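Biologist: Could you walk me through the inside of this protein at the bench-side level? I would like to hear about rings, cores and cavities.

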Amino acid sequence: MDSKQRIAIFTTASLPWMTGTAVNPLFRAAYLAKHGEMDVTLVIPWLSLKEQALVYPNDITFESPSKQESYVREWLEKRTNFESTFKIKFYPAKFATDKRSILPVGDIAEMIPDEEADIAVLEEPEHLTWYHHGKSWKVKFRFVVGIIHTNYLAYVRREKNGRLSAFLLKFMNAWVVNMYCHKVIRLSAATQDYDNSIVCNVHGVNPKFLEIGARKVEEQQGGGKAFTKGAYYIGKMVWSKGYKELLKLLGDNQKELSDLEIDLYGNGEDSDQIREAAEKLQLNINVHPGRDHADPIFHDYKLFLNPSTTDVVCTTTAEALAMGKLVVCANHPSNEFFKQFPNCRMYDTSKGFVEVTQRALSEEPAQMNDELRRQLSWESATERFLSAAQLNKPPPKLTSGRSSKHFLSTSLSMKKNVDDMSTFIHQVASGSEVSRRMFGAIPGSLQPDEDLCKDLGLPNPPPKKSLKRHTDAPA
């Protein structure tokens, strides 16, 4: 690999919003920079003050990008115990309240100068390109890697007219991801398949969880009782995040699990409904507000119950394993990575859930060896990423806007023509406010407004064309 290639990591969220696409790309940037062979830039969304208040928890807002960058770096360095050396840039964005998602505004690829545009990593490439209007990512960058974080189809199927919506979304995702990415990494086989994709978990866990697990091993080796509490679950308190499945499993097996006590932790739109449903069961279920999973209150729990199948690779499951706990989860493609851990117990049926849960409550967690502990680390995840993205090899020769002088084979030429035509069609569709709105884009997201431009130091947007007739023209 050429020394000090430039890699730009674009993602769809930022701290203090504690979502996977805010946290995992941040750690990826830190550990790639620590790896030492690349100049790394993390490109994250900037929201106006008004929209920050809709997204960020605990009334946290930032008057400027520099203040948010300071917050992000301080949070990261407290957890990694080393100073991060990557750069941070912000792109203009808006919050879509109907989707509960942050979406880019304008051509965010332009946040990286052409002379620095070597490699782009698109964290959630479908999300970043649904409404992309600007230079093709494959033209802007020599090599584009997409990392699929979210099983969007699983979420959409739960909505009204979900089967039809999922069918259309599957087509749209395939179109934009294949059009704009050279290589696609799927964190698990639970995600939608794509051309030229590979399944590989390229995420690690916050190092603090591994430190907690190491202390638990010391307690076990010292003959003490390392885990004094029973079962718990933590996750955003919405039905689609495993609560529906968990309460159904508990409700269907109340007699068999009558001795089970479980604590649920989370905040979310469905908190009240979930609390009411839990209170109707004849079980000892306690519902608590959400907390950081590294909080000391969780250290002594022995068993993490997680029946969710909407996650691609569940971060909290990995964190629980890193802390040395037993985990009960569904035998599902999203959990394939966890099968290598002796403390992970999987079930296929409701009866199987009862059996593995009862067995786990009667046992103590196995002490995890160094190799398994390393599999959960960001050092190992970074190595897996470099290998899966083929960035640990000489750069592949790829077609782009800056390689037109090369003679191409007939097959490559045909593929490029198809890509060019697809890009042209997408550019036309995404360049119209009417067509953008038809496909769910945020109004006024074609170009950043004056406030976003002022916050980010971008050129002011061009004035809107007036529709008023010129009455002073000669008759």
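What follows is a short conversation about the packing inside this model.

Modeller: A word on the ground rules: this is a predicted model, where local features need pLDDT of at least 70, side-chain atom pairs count only at pLDDT 80 or more, and totals for chains, interfaces and linings use all residues. Residues are numbered from 1 along each chain as its sequence is written, and side-chain values use heavy atoms, with hydrogens and water left out.

Biologist: How many aromatic pairs are there?

Modeller: Rings of Phe, Tyr and Trp (its six-membered ring) pair if their centres lie within 6.5 Å; planes under 30 degrees apart are stacked, over 60 edge-to-face, and the rest tilted. By that rule, the count is 24.

Biologist: Tyr-265 and Phe-298 form one such pair; which kind is it?

Modeller: Their centres are 4.6 Å apart and the planes meet at 75 degrees. With over 60 degrees as the cut-off, the pair is edge-to-face.

Biologist: How many residues apart in sequence are the parts that this pair ties together?

Modeller: Helices (H or I, at least four residues) and strands (E, at least two) are DSSP runs, numbered from the N terminus. Tyr-265 lies in strand β10 (residues 261-265), while Phe-298 is in the loop between β11 (284-288) and β12 (301-306). The pair therefore links parts whose separation in sequence is 33 residues.

Biologist: Is Phe-298 buried or exposed?

Modeller: Buried means under 20% relative accessible area, exposed over 50%, and partly exposed in between (1.4 Å probe, protein chains only). Its partner Tyr-265 has 2% and is buried. Phe-298 has a relative accessibility of 0%, so the word for Phe-298 is buried.

Biologist: Which residue has its charged end over the ring of Phe-227?

Modeller: The test is NZ of Lys or CZ of Arg within 6 Å of the ring centre and within 35 degrees of the ring normal. Arg-28 passes over Phe-385, at 5.5 Å from the ring centre. For Phe-227 the distance is 5.3 Å, and the residue is Lys-216.

Biologist: In the largest nonpolar core, which residues touch the most other members?

Modeller: Such a core is a set of buried Ala, Val, Leu, Ile, Met, Phe, Trp, Tyr and Cys residues joined through side-chain atoms within 4.5 Å. This one has 140 residues, and those touching the most other members are Phe-10, Leu-250 and Phe-385. The largest share, nine residues, comes from helix α1 (residues 20-35).

Biologist: How many of the eight residues of helix α11 are buried?

Modeller: Helix α11 spans residues 315-322 and is mostly covered. Its cover includes α8 (207-221), β9 (229-234), β12, β13 (326-330) and β14 (344-347), by contact (heavy atoms within 4.5 Å). Among the buried residues are Thr-316, Glu-319 and Leu-321, and the number is seven.

Biologist: What is the volume of the largest cavity?

Modeller: On a 1 Å grid over the protein atoms alone, a cavity is a set of points where a 1.4 Å probe fits but cannot get out; lining residues have an atom within 4 Å of a point. Points are joined across faces, edges and corners, and the volume is the space filled by probe spheres set on them. The structure holds seven cavities of 30 Å³ or more, and residues lining the largest include Asn-24, His-203, Ala-318 and Phe-337. Its volume is about 90 Å³.

Technical notes: On a 1 Å grid over the protein atoms alone, a cavity is a set of points where a 1.4 Å probe fits but cannot get out, and a pocket is an open set with protein on both sides within 12 Å along at least five of seven lines; lining residues have an atom within 4 Å of a point.
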